[in-house]
Amino acid sequence: MVSSVKQRGTSSLDLWIRSARLFSGLFLSLFVLTHLANLALGLVSLEAIDAWRGILMAPWRSGAGSLILALAAFIHASIGLYTISKRRSLTLSRVDVVQIILGVLTPPLLITHVLTLRVTSLFVPEFDASYAVILSVYWSLAPAYAFQQLFVVMIVWVHAAIGFYSWIALRPVWPRIRNIVLPILFLVPILALLGFVEAGKEVLYRLENDAAWLDHIRAAQHLYSQAAPTLNAINTNVVASYWILVSIAFLSWAVRIYVGRSRPVRVFYEGDATATGRSGLSLLEISLTSGIPHAHICQGRGRCGTCRVDILRGGQNLTPPTDQEIKTLSQLHVTDTTRLACQARLLQGEVAIARILPAYADISAAQTPEEWEPKDSPSKIDDTLPAPVSSPLQEVTP
Ligand code: HEM
Ligand code: FES
């Protein structure tokens, strides 16, 4: 029976926030993809990079493109920090830890690059941040920045690839496109880094052997130096404000953990397992912190449905379903008492649940859920079967 859970919705804010984070992240990823593809042309020549810059980067350099890009970056970073501040436990997968650390590190590492490329021309309109100019600065004048850029390419790409993969891998289309997409995920940053190095070598050669070219680069540097003091001041203020916001987000996370500690709650599972947790944790977090096996293919993002449980009693002690939960459950065959363990938070007292899928459910349970419909009652789940595959991200970490 398809659940009447469709009618049980609360605020759509949660769903909106998740969608905004996903789509702003995918939009930023598209930008990074074109940028890195452009850089990879350094394997051909410096001229090829700048010639293709006009084509590949044109949409992003237009007024509307720049505005949407800046908006996407702002929305994504804000929601990223908001999500961190709303966490209530330390139950994070290794992939989550990597994604959060890399995401948080990105803005301070990128800000100088962004200001130089996109803001300098607002103060000095004649300044053109061509690849030739920027690569000359990186490879000749400020090699430390060159290494910073290499580092940041890897950070941003790994963060974006994890986000993209954790979304796409749950789609039924994934098995058909994985052989094309996975090589791209690995090849793009490698080719971009090689292009960066090759173009850098060409720049160094020209700086030594081509006097006219050296004059052109010096003129560009002179223009940049006119805006440098203002850019440095902006840089310092933006980075300082950013770290204050990051500190607030992590502090809020710590406070939520601390406050929840004083209010214990209990979960009874099918069979006779019992777990004790803190008020405000999701049922999945309580399972995982107590070492109770529980399928959670999308790592608690509310997308895969594999953590779903039947509520046997105590449902009134749980938070009502979020729109994200309703959306995911409405795509599955569930009963009125089914909830997503990663979304339902236990506020007080006790609840008795039955896990519907076994903990060893793999990614196919999200792609083709009908094949995983339990034939027996949930109380017959046997977790002693094969070794658990807890995450699609463990299958491959791009
Ligand atoms: C500005 C700094 C950034 C911060 C603070 C940040 C933070 C985050 C956080 C916290 C998440 C969610 C992790 C979770 O599920 O708990 C996330 C997801 C994601 N990020 Fe970022 N990120 C940043 C930059 C970027 C950039 C530059 C890109 C693209 C190049 C990107 C692409 C993605 C994608 C595709 C996702 C998956 C979205 C989802 O699952 O809803 N992020 N980011
Ligand atoms: S873990 Fe994927 S929906 Fe709960």
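A polar contact is a pair of N or O atoms within 3.5 Å, and within protein one of them must be able to donate a hydrogen and the other to accept it. Keep that cut-off at hand for the exercises below, which explore a predicted model.

**Exercise 1. Find out how the two domains of the chain meet, and how many residue pairs between them are in polar contact.**

Step 1. Start with the division of the chain: domain 1 covers 4-259 and domain 2 covers 264-394. Their C-alpha centres are 36 Å apart.

Step 2. Look at the contact itself. On the domain 1 side 32 residues take part, and they touch 34 residues of domain 2. About 2,800 Å² is buried between the two domains, with carbon and sulfur atoms giving 55% of that area.

Step 3. Now count the polar links. Six residue pairs between domain 1 and domain 2 are in polar contact, both residues being at pLDDT 80 or more.

Step 4. Ask which elements build the domain 1 side. Helix 1, helix 5, helix 7 and helix 8 (174-209) each supply at least two of its residues. Helix 1 gives the largest share, five residues.

Step 5. Sort that side by class: 13 residues are nonpolar, 10 are polar and nine are charged.

**Exercise 2. Work out how many salt bridges join domain 1 and domain 2.**

Step 1. The count between the two domains is one salt bridge.

Step 2. For a salt bridge to look at, go to Asp-96 and Arg-301: they form one, and their closest N and O atoms are 3.3 Å apart.

Step 3. Check the cut-off. A salt bridge needs a side-chain nitrogen of Lys or Arg within 4 Å of a carboxyl oxygen of Asp or Glu.

**Exercise 3. Describe the surroundings of ligand 1, beginning with the residues that come nearest.**

Step 1. There are 22 residues around ligand 1, and His-76, Arg-87, His-159, Arg-301 and Arg-303 come nearest. You have already met Arg-301 as the salt-bridge partner of Asp-96.

Step 2. Follow the polar side-chain atoms. One of Arg-87 lies 3.0 Å from an oxygen atom of the ligand, and one of Arg-303 lies 2.9 Å from a ligand oxygen atom. For His-159, the distance is 2.8 Å, to a nitrogen atom of ligand 1.

Step 3. Trace the shell back to the helices. Helix 1 (13-40), helix 4 (63-86), helix 5 (94-123) and helix 7 (143-168) each contribute at least two residues. The largest share, eight residues, is from helix 1.

Step 4. Finish with the classes: the shell holds nine nonpolar, eight polar and five charged residues.

Conventions. Residues are numbered from 1 along each chain as its sequence is written. Chains are lettered from A and ligands numbered from 1 in the order in which they are written. This is a predicted model: local features need pLDDT of at least 70, side-chain atom pairs count only at pLDDT 80 or more; totals for chains, interfaces and linings use all residues. Side-chain values use heavy atoms; hydrogens and water are left out. A residue is near a molecule or strand if one of its heavy atoms lies within 4 Å of it. Helices (H or I, at least four residues) and strands (E, at least two) are DSSP runs, numbered from the N terminus. Ala, Val, Leu, Ile, Met, Phe, Trp, Tyr, Cys and Pro count as nonpolar, Asp, Glu, Lys and Arg as charged, and the others, Gly among them, as polar. Domain bounds come from an automatic or database domain assignment. Contact means heavy atoms within 4.5 Å. Buried area is the accessible area (1.4 Å probe) that two parts lose on being put together, summed over both.
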